[in-house]
Amino acid sequence: MRFATASDLAAALEGGRVSALELADAALAAAGRAQGLGAFVHLSPARARDDAAASDARRARGEARGPLDGVPVALKDLLVDEGEPCTCASRILEGFVAPYPGTATARLRATGAVVIGRTNMDEFAMGSSTEHSVYGVARNPWDPGRTPGGSSGGSAAAVAAGVVPIALGSDTGGSIRQPASLCGVTGLKPTYGRVSRYGLVAFASSLDQIGPFARTAADCALVLEAIAGHDPLDSTSLPEPPPRLRAALSGDVSGLVIGLPREFFAKEGLAPGVAERVREAVAELERAGAKTREVSLPHAPHAIATYYLIATAEASSNLARYDGVRFGRRAEAATLGEMYRRTRSEGFGPEVKRRILLGTYVLSAGYYDAYYRKAMKVRTLLRRDFEQAFAGCDLLAGPTTPEPAFRIGEKTGDPLAMYLSDIYTVSANLAGIPGVSLPCGFADGLPVGLQLLGRPLDEATLLRAADAYQRRTDWHARTPDPALWEPGR
């Protein structure tokens, strides 16, 4: 069974073989059949059907807005969308309805895409398994006993299960690429600043970036063209105009030089099946005409520690705003101080509390220089590593994750083991460069992801190589058995 891509649906809509209303109804029905995966936290059937009917009316008048007009999509539950709930999978934002649209969601809606609902995630995007959610765990469509990864696990599972061809997620330390790898779909983290963060609930502001999940690199290009571009509402938004990516998907990678960081292929911690599939994928790109060379990112072994110092420091600052006064939940108490304490104690889950405590500690007097300032210095060294590597290469390639999807509950008691799930992805966030994960085979019956990293603002080369690989292979077209997650099984 093959699940349709956004490009497939766009062609069917253009050819009059299906209506947007039929697609919205089909997506909502598929979400119901996949309910056991826990991929969605909220569906908007009435609004989705209204938007789909409006899309059909535009198309009938010859006024379709482009290829995404009428295509069903889903949003991670930390992307603000006017009039829709936004809880970040946290009890502290229970009942909160966004009063304004985020830029990325508004731009996606402006294309005519039909939003059917909001997807599950780790609370405030803090996690690598979508097990830290007030709504319960999300499950991997390839094996519901395993995690879909995190923190955008619901978005990845929704695409992998064929509910929607496109979903938006956010990537702070790998939260798009890691679940894309574990669920066997394509996930793109753009250059920092390429997509406005206005309307993205902040976890770590210098690392967060919005990006798409899709079945193919071509669909990721389609979405990024729609949501990228300067936004005066986000001071970190880059001035560059939206990229023209689809024109770059030529299928030709001859002459491209792909660097293979030796630190990404170290045997320690890397599952043999994952390493084998990734090397086979690199060999396929070589057969397509790319050249490879070994490079080094000497400070990569320090990336995880650096990331968790910076990310938790920024999180402790960003999450201070949830005090029961301005947003969401408020606990009843006799005094203001007691209200603050009870609201935050009852509203935040254990992983969020752990990171707030760690972040507060590293920013505190006496420890700032020893931890946070030192982490910022290492971040600079990591950036320089990439600059030196890209001086002789167009792209870097390696595994997205050290192992295939792990079992639910396997790492929840060991935070360090959970954090190491992101060991190959966090460096790109620290450096602000783009990255994509694409399916490249299976290990122990579970999907494996190939990660490609590019120069800042060079998503065109990144997606050209990913698209060329997908033209030569069919791993991205493989789908899990729907019988695994349907009710009654």
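How many salt bridges does the count come to? The count comes to 29 salt bridges. The model on screen is predicted, and the tour below starts with three of these pairs.

**Stop 1: Arg59 and Glu14**

Select Arg59 and Glu14. They form a salt bridge in which the closest N and O atoms are 3.3 Å apart. Arg59 belongs to helix H3 (residues 45–60) and Glu14 to helix H1 (residues 6–14), so the pair links distant parts of the chain, 45 residues apart. Glu14 is exposed, its relative accessible area being 62%.

**Stop 2: Arg49 and Asp25**

Stay on helix H3 and select Arg49, which lies in that helix. Its side chain meets that of Asp25 in a salt bridge, 2.5 Å from N to O. Because Asp25 sits in helix H2 (residues 20–33), the pair ties together parts that are 24 residues apart in sequence. Arg49 counts as partly exposed at 37% relative accessibility, and Asp25 also counts as partly exposed, at 31%.

**Stop 3: Arg194 and Glu459**

Next select Arg194 and Glu459. Here the closest N and O atoms of the salt bridge are 3.0 Å apart. Arg194 is in the loop between strand E5 (186–189) and strand E6 (210–214), while Glu459 is in helix H15 (residues 459–472); the two are 265 residues apart. Is Arg194 buried or exposed? At 7% relative accessibility, Arg194 counts as buried, because the cut-off for that class is under 20%. Glu459 is buried as well, with a relative accessible area of 0%.

Then select Glu94, Arg329, Arg342 and Glu346 together. Salt bridges with shared partners join these four residues into one network.

**Stop 4: the loop at Gly38**

Move to Gly38, in the loop between H2 and strand E1 (40–43). What does Gly38 touch, leaving out residues up to four places away in sequence? Gly38 touches Asn120, Val137 and Ala138. Gly38 counts as buried at 19% relative accessibility, the cut-off being under 20%. For a distance across the model, draw a line from Gly38 to Thr191: the C-alpha atoms are 30 Å apart in space, and the residues are 153 apart in sequence.

**Stop 5: helices H11 and H12**

Show helix H11 (residues 350–363) with helix H12 (residues 368–390). Their axes come within 7 Å and cross at roughly 105°. H11 is therefore roughly perpendicular to H12. To see the contact, select Tyr361, Val362 and Leu363 on H11, and Tyr368, Tyr371 and Tyr372 on H12. The residues of this contact comprise six nonpolar, no polar and no charged.

**Stop 6: the largest nonpolar core**

Which residues touch the most other members of the largest nonpolar core? Select Leu108, Phe124, Val163, Ile227, Leu396, Leu450 and Leu452; the core they belong to has 142 residues. Now add helix H9 (residues 303–318), which gives the most to this core, with nine residues.

Finish on Leu396 and display its surroundings, not counting residues up to four places away in sequence. Among the residues that Leu396 touches are Ile258, Gly259 and Pro261, as well as Val295 and Leu297. Phe386, Ala389 and Phe390 are also in contact with Leu396, and so are Gln451, Leu452 and Leu453. Of these neighbours, Leu452 has already appeared in the core selection above.

Technical notes: Residues numbered from 1 in each chain as written. Predicted model: local features only at pLDDT ≥ 70, side-chain atom pairs only at ≥ 80, totals over all residues. Heavy atoms only, no water. Axes fitted to C-alpha atoms, helices over the stretch in contact; angles between N-to-C directions. Helix = DSSP H or I, 4+ residues; strand = E, 2+ residues; numbered from the N terminus. Parallel < 35°, antiparallel > 145°, perpendicular 65-115°, else oblique. Contact = heavy atoms within 4.5 Å. Nonpolar A, V, L, I, M, F, W, Y, C, P; charged D, E, K, R; others polar. Core = buried A, V, L, I, M, F, W, Y, C linked by side-chain atoms within 4.5 Å. Buried < 20%, exposed > 50% of the residue type's maximum accessible area, 1.4 Å probe, protein only.
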